[in-house]
Amino acid sequence: MPKEHSRHAKKPPSLGRNAAKQEAIDAGKKWETPMWRLDYLLSMVMMVHLIACPWTKVEESFNVQAIHDMLFHGTNISQYDHQQFPGPVPRTFLGALAVSAVAVLPKVLAVDLLGSEKIFTLFLARAALHVLVHAALSTFIRAVATQFGRSTATWLVFITASQFHFLFYVSRPLPNVFALPLVILATTAWINGRDRKMIIYAALATIVFRSELCLLFGPMLLMSLIKQTISFRRAFTKAFQFGLLALGLTVLVDSWFWGRPVWPEGEVLWFNTVRNQSSKWGVAPFLWYFYSVIPRFLLTSLPFFVVGLVTSRVMRTILLPFAIFVALYSLLPHKELRFIIYIVPVLNLGAAVGCSHLARINRFWKAVAGLHIPLNVCLTFFFLAVSSRNYLGGDALKQLHSLEPPTASVHVYLDNFSCQNGVSRFLHMNEKWIYNKSEEVRFEEDAPWAAFTHVIAEAKYEQLLATRGFQVVSSLYGFSGFNLTVPRLDEVLNFEWSPVVWIEKVQILKQQKIAT
């Protein structure tokens with residue numbers, strides 16, 4: 001991709017190929033100095049998201065349990081969570097394996113040697129995932145500094161740091177996030193004209209983690225073939241070689257974990273696309289990604305993204321395969337925000353190009369561009385405040401450990417809602433307690449309840465549990481909406497909260513009966 005220049009900039013002298021290459025290298029190195037690089041701001045913001053929302057949801061369940069089991073059970077596959085709760089389709093263990101490899105040494109130092117709580121390992125694991133994403137993102141930012149200039153790269157960092165969704169998700173163990181570093185590296189290689197590297201990263205991301213990424217890398221490769229930056233023969237050879245390598249890797253590793261020959265992403269592709277079973281989890285209109293998700297990604301950076309597209313031909317070229325990807329992927333009826341998270345760095349690059357263009361006009365437009373950053377930050381704090389109350393199952397189990405002494409005899413039942421909203425094996429902090437999340441337990445039936453001393457369940461089951469001798473000891477409230485009636489001028493927003501999860505404890509008389 002050619003380097004972007006201002007129309008007012010002085011035309012640089014003609015350079016030979018080697019001199020031009022050296023100039024690009026020098027520009028990338030300039031971004032890396034001083035030692036405290038600006039892009040580490042992204043890591044600090046990510047830690048704010050992680051601390052505010054440390055627990056995980058049902059979409060992350062397989063991978064977070066796999067990371068836990070690798071760190072605490074090693075090669076003892078019989079103790080792994082997927083043996084009892086395999087899920088509707090098998091998932092690859094390679095993402096969890098990569099995160100565990102990064103997190104294992106900090107876990108040994110912090111938990112095994114220094115005696116930190118087990119729950120601290122969850123923070124380490126999520127931070128390890130972000131390290132992988134941040135390494136790829138830093139490479140992308142350096143490429144932007146080389147191609148578009150250091151000013152655009154600086155805008156890119158501040159825009160990304162100010163927005164909510166991207167940095168909220170990049171430490172979450174989702175299949176999409178495991179694929180994200182490879183997608184960013186492939187995009188960086190493609191922007192730099194290194195198509196063979198792009199094919200390598202694309203093969204790994206598509207075959208191992210997310211098969212639908214062929215809808216993104218296909219248009220990328222087609223554009224490279226049209227521009228003749230790579231021959232069809234070389235492209236086919238590289239794609240075949242590394243596609244076969246990626247397939248062999250995932251089949252070899254995952255067949256060992258699952259105890260049968262399996263290509264997990266192949267089964268996911270068949271389940272979601274061919275059989276269209278993903279529609280059971282909801283459907284959305286064709287244009288939902290365009291009118292709902294992309295504006296939420298960009299927040300108030302959206303107008304500057306438009307400016308970047310209008311003023312930069314290079315930006316339009318870079319965006320084209322991503323636009324095709326979103327359009328093609330929109331044909332599937334089941335849609336989720338995380339499915340297209342790969343496009344955020346390029347969207348923000350467009351916004352950064354727009355801000356950089358306006359900043360070169362005069363101080364007024366530079367101030368207009370700069371003002372949207374704090375606006376994004378305000379919206380991000382709002383979204384984070386709401387999201388922090390959406391993991392009540394994890395909050396409840398953490399609170400239960402503080403309500404009961406470590407020596408207490410506890411057999412707690414965790415209902416489906418709490419398991420989908422924060423509970424994971426990282427929160428099983430007392431080896432003497434029994435944590436039961438059996439899907440065979442029914443609230444309408446009487447059989448199993450005599451064995452439980454505590455229940456963490458949705459508030460709607462209060463009456464049923466009361467008839468079985470349980471009483472509420474703690475209520476956790478979740479966000480349910482806004483109160484538009486503002487009683488005082490100093491109250492800008494009123495949140496409405498309602499009880500979502502209750503911690504219930506068996507009554508004293510029933511405890512005595514259980515003991516006898």
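This report walks through a predicted model of a protein, from the overall picture down to a handful of individual residues.

## The big picture

Let's start with the whole chain. The protein has 516 residues, and 51% of them count as buried. Its secondary structure adds up to 21 helices and seven strands. If you take the contacts between residues at least 6 apart in sequence, 78% of them join residues at least 24 apart. As for the outside, the protein exposes about 24800 Å², with carbon and sulfur atoms supplying 62% of that area.

## Two helices that cross

Now zoom in on a pair of helices. Two packed helices are described by the angle between their axes and the distance between the axes. Here the pair is α14, covering residues 302-311, and α15, covering residues 313-329. Their axes are 5 Å apart, and the packing angle is about 110 degrees. Angles from 65 to 115 degrees count as roughly perpendicular, so α14 and α15 are roughly perpendicular to each other.

Who does the touching? On the α14 side, the contact is made by F305, G308, L309, V310 and T311. On the α15 side, R313, M315, R316 and L319 take part. Sorted by character, the residues of this contact split into five nonpolar, two polar and two charged.

## Aromatic rings

There are 28 aromatic pairs in the model. A pair of aromatic rings is described by the distance of the centres and the angle of the planes. Take F443 and W449: their ring centres are 5.1 Å apart and their planes are 40 degrees apart, which makes the pair tilted. Are these two residues buried or exposed? With the buried cut-off at under 20% relative accessible area, F443 counts as buried because its relative accessibility is 7%. W449 counts as buried too, at 1%.

Elsewhere, aromatic residues gather into a group: F62, Y80, F93, W256, F257 and W258 form one aromatic cluster.

## Loop residues worth a look

Which residue in the loop between α10 and α11 has a positive phi without being a glycine? That's Q228, with phi near 60 degrees. Helix α10 spans 214-226 and helix α11 spans 232-258, and Q228 is in the loop between them. Q228 counts as exposed, since its relative accessibility is 69%.

I230 is also placed in the loop between α10 and α11. Unlike an exposed residue, though, I230 counts as buried, at 9% relative accessibility. What does I230 touch, leaving aside its neighbours within four places in sequence? Its contacts are D195, R196, I199, L221, S224, L225 and A235. One of these, R196, is 34 residues away from I230 in sequence, yet the C-alpha atoms of the two are 8.0 Å apart in space.

Another loop, between α13 (288-298) and α14, holds L299. L299 isn't a glycine, but its phi is positive, at about 55 degrees. L299 counts as buried, with 14% relative accessibility.

Then there's P261, in the loop between α11 and α12, the latter covering 264-274. P261 counts as exposed, at 73% relative accessibility. Its C-alpha atom is 6.9 Å from that of V251, and the two residues are ten apart along the chain.

## Two residues in helices

H130 belongs to helix α5, which runs over residues 120-148. With 4% relative accessibility, H130 counts as buried. Setting aside neighbours within four places in sequence, H130 is in contact with L42, S43, M46, V170 and S171.

T154 is in helix α6, residues 150-162. Is T154 buried, exposed or partly exposed? Its relative accessible area is 25%, so T154 is partly exposed. The C-alpha atoms of T154 and A352 are 8.1 Å apart, while 198 residues separate the two along the chain.

## Residue pairs at a glance

The table gathers the C-alpha distances mentioned above.

| Residue pair | Separation along the chain | C-alpha to C-alpha distance |
|---|---|---|
| I230 and R196 | 34 residues | 8.0 Å |
| P261 and V251 | ten residues | 6.9 Å |
| T154 and A352 | 198 residues | 8.1 Å |

Key
Residues are numbered from 1 along each chain as its sequence is written. This is a predicted model: local features need pLDDT of at least 70, side-chain atom pairs count only at pLDDT 80 or more; totals for chains, interfaces and linings use all residues. Side-chain values use heavy atoms; hydrogens and water are left out. Axes are lines fitted to C-alpha atoms, for helices over the stretch in contact, and angles run from 0 to 180 degrees between N-to-C directions. Helices (H or I, at least four residues) and strands (E, at least two) are DSSP runs, numbered from the N terminus. Angles under 35 degrees count as roughly parallel, over 145 as roughly antiparallel, 65 to 115 as roughly perpendicular and the rest as oblique. Contact means heavy atoms within 4.5 Å. Ala, Val, Leu, Ile, Met, Phe, Trp, Tyr, Cys and Pro count as nonpolar, Asp, Glu, Lys and Arg as charged, and the others, Gly among them, as polar. Buried means under 20% relative accessible area, exposed over 50%, partly exposed in between (1.4 Å probe, protein chains only). Accessible areas come from the Shrake-Rupley method with a 1.4 Å probe; for residues, only the protein chains shown count as cover. Rings of Phe, Tyr and Trp (its six-membered ring) pair if their centres lie within 6.5 Å; planes under 30 degrees apart count as stacked, over 60 as edge-to-face and the rest as tilted.
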